[in-house]
Amino acid sequence: MNNVVKLNNLDPIVERYLSSVDKSSIKKTLAFEYFNNDVNELDKFISSQINNKVLTSDPIEPKAQMEFSF
């Protein structure tokens, strides 16, 4: 039974960025907290994390329908 679906978890920094409503203020906050006030490094980090992670799951092929012969 190999029906386990693995979810790609995003980095907490990226999750905070994506869940924020005010992107410019969260960028400043995250850059201050994690990147020594370098917003360009934060942008590079976010783009690399989003581009490397697949946000949608791969479609699962349906199994053949079981048919009973009566």
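In the predicted model, N37 is located in the loop that links α2 and α3. The phi angle of N37 is near 65°, a positive value in a residue other than glycine. N37 counts as exposed, because its relative accessibility is 51% and the threshold for exposure is over 50%. The loop between α2 and α3 also contains N36. N36 likewise is not a glycine, yet has a positive phi of about 55°. With a relative accessible area of 73%, N36 is classed as exposed.

The loop belongs to a chain with three helices and zero strands, and the order of elements along the sequence is α-α-α. Of the 70 residues in the chain, 17% are buried. Among contacts between residues at least 6 apart in sequence, 37% join residues that are at least 24 apart.

The largest nonpolar core comprises eight residues, namely I13, Y17, I26, L30, A31, F35, L42 and I46. At least two residues of this core come from each of α1 (12–19), α2 (23–34) and α3 (39–52). The greatest contribution is that of α2, which provides three residues. Within the core, L42 illustrates how these residues are connected to other parts of the chain: apart from neighbours within four places in sequence, L42 is in contact with I13, K27, L30, A31 and F35. Of these partners, I13, L30, A31 and F35 are themselves members of the core.

The packing of α1 against α2 was examined next. The two helices pack at an angle of about 160°, and their axes are 9 Å apart. Since angles over 145 degrees count as roughly antiparallel, α1 is roughly antiparallel to α2. The crossing of the pair is right-handed. On the α1 side, the contact is formed by I13, R16, Y17, L18 and S19, which meet K23, I26, K27, T29, L30, E33 and Y34 of α2. By residue class, the contact of α1 with α2 consists of six nonpolar, two polar and four charged residues. Among the participants in this contact are I13, Y17, I26 and L30, residues that also belong to the largest nonpolar core. K27, another α2 residue in the contact with α1, is in addition a contact partner of L42.

Individual positions on α2 and α3 were then considered. F32 is found in helix α2 and is exposed, as its relative accessibility of 59% is over the 50% limit. F32 and L42 are ten residues apart along the chain, and their C-alpha atoms are separated by 9.6 Å. F32 is not listed among the eight residues of the largest core, whereas L42 is.

Helix α3 contains both N40 and Q49. N40 is exposed, its relative accessible area being 53%. The C-alpha atoms of N40 and K27 are 9.7 Å apart, with a separation of 13 residues in sequence. Q49, by contrast, counts as buried at 19% relative accessibility, because the limit for a buried residue is under 20%. When neighbours within four places in sequence are left aside, Q49 is in contact with D11 and V14.

Taken together, these positions describe the three-helix chain in terms of a core to which α1, α2 and α3 each supply at least two residues, a roughly antiparallel arrangement of α1 and α2, and a loop between α2 and α3 in which N36 and N37 are found. Both asparagines have positive phi values, about 55° for N36 and near 65° for N37.

Definitions and conventions: Residues numbered from 1 in each chain as written. Predicted model: local features only at pLDDT ≥ 70, side-chain atom pairs only at ≥ 80, totals over all residues. Heavy atoms only, no water. Core = buried A, V, L, I, M, F, W, Y, C linked by side-chain atoms within 4.5 Å. Buried < 20%, exposed > 50% of the residue type's maximum accessible area, 1.4 Å probe, protein only. Helix = DSSP H or I, 4+ residues; strand = E, 2+ residues; numbered from the N terminus. Contact = heavy atoms within 4.5 Å. Axes fitted to C-alpha atoms, helices over the stretch in contact; angles between N-to-C directions. Parallel < 35°, antiparallel > 145°, perpendicular 65-115°, else oblique. Left-handed = near helix turned anticlockwise from the far one by under 90°. Nonpolar A, V, L, I, M, F, W, Y, C, P; charged D, E, K, R; others polar.
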